[in-house]
Amino acid sequence: MKKKFLLSIISIVTAALLILLDQWTKVLAVRYLKDAPAIELIPGVFELAYVENRGAAFGMMQNQQTFFLIMTVIVLVGIVYLYIRMPFERRYLPLRACFTAFLAGAIGNMIDRLNLGYVVDFFYFRLIDFPVFNVADCYVTVTVFLFAILFLFYYKEDELSFIPGMAKKKETDV
């Protein structure tokens, strides 16, 4: 019980710090980048450019804020549900860290949608003309990549039985 409580507190504090970092960088973006020319950090490659994203990833589904808020709440409930069901063992720390970072990214962008009606984005890779993104987007993107690696190479199917639908079927169940 003490281990569960400690891990949960660490995850909550970590998520809060990640959310604060995301929100702080967005405040800086508004203060120094809004209505200003982009700041080239690596000429022709990477710059800081203020964008108000009223869509989802890569600007898809513009002006669907209610949909995004509902989907975010559903995803957050799902993450918390899986976090609680996940075994509190050392082997699951990477997965627990991914859930925490993903949750922080989703909440960081949800805060923008609730307060501003859009998400503040400011990182831009000009070299590949990649869509402008923010710190919360980094959390989500990196954790999705790590989820894939963990599910494909680290965890065995039976170790993921806490995820609904992932329980291995017995031959008698067929």
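The chain contains four helices and three strands, and since the model is a predicted one, what follows describes computed geometry. Read from the N terminus, the elements follow the order α-β-β-α-α-β-α, and the C-alpha trace extends over about 65 × 35 × 35 Å along its principal axes.

Turning to how the chain packs, 37% of its 174 residues count as buried. If one takes the contacts between residues at least 6 apart in sequence, 65% of them join residues at least 24 apart. The accessible surface of the chain amounts to about 11000 Å², and carbon and sulfur atoms account for 70% of that area. As for charge, the chain carries 17 positive and 15 negative charges, and the mean positions of these two sets lie 10 Å apart.

One of the negative residues deserves a closer look. Where does Asp22 sit in the chain? Asp22 has its place in helix α1, which covers residues 2–33. Is Asp22 buried or exposed? Its relative accessible area is 0%, and Asp22 therefore counts as buried, the cut-off for that class being under 20%.

The surroundings of Asp22 can be followed residue by residue. Leaving aside residues up to four places away in sequence, Asp22 touches Gly108 and Asn109, and also Asn134, Val135, Ala136 and Tyr139. For Ala136 there is a further detail, in that its backbone nitrogen lies 3.0 Å from a polar atom of the Asp22 side chain. Taken together, Asp22 is a residue of helix α1 that is buried and whose side chain has a polar atom 3.0 Å from the backbone nitrogen of Ala136.

Methods:
Residues are numbered from 1 along each chain as its sequence is written. This is a predicted model: local features need pLDDT of at least 70, side-chain atom pairs count only at pLDDT 80 or more; totals for chains, interfaces and linings use all residues. Side-chain values use heavy atoms; hydrogens and water are left out. Helices (H or I, at least four residues) and strands (E, at least two) are DSSP runs, numbered from the N terminus. Buried means under 20% relative accessible area, exposed over 50%, partly exposed in between (1.4 Å probe, protein chains only). Contact means heavy atoms within 4.5 Å. Accessible areas come from the Shrake-Rupley method with a 1.4 Å probe; for residues, only the protein chains shown count as cover. Lys and Arg count as positive and Asp and Glu as negative; His and the chain ends are not counted. The place of a charge is taken as NZ of Lys, CZ of Arg, CG of Asp or CD of Glu. A polar contact is a pair of N or O atoms within 3.5 Å; within protein, one must be able to donate a hydrogen and the other to accept it, and residues adjacent in sequence count only if both atoms are side-chain atoms.
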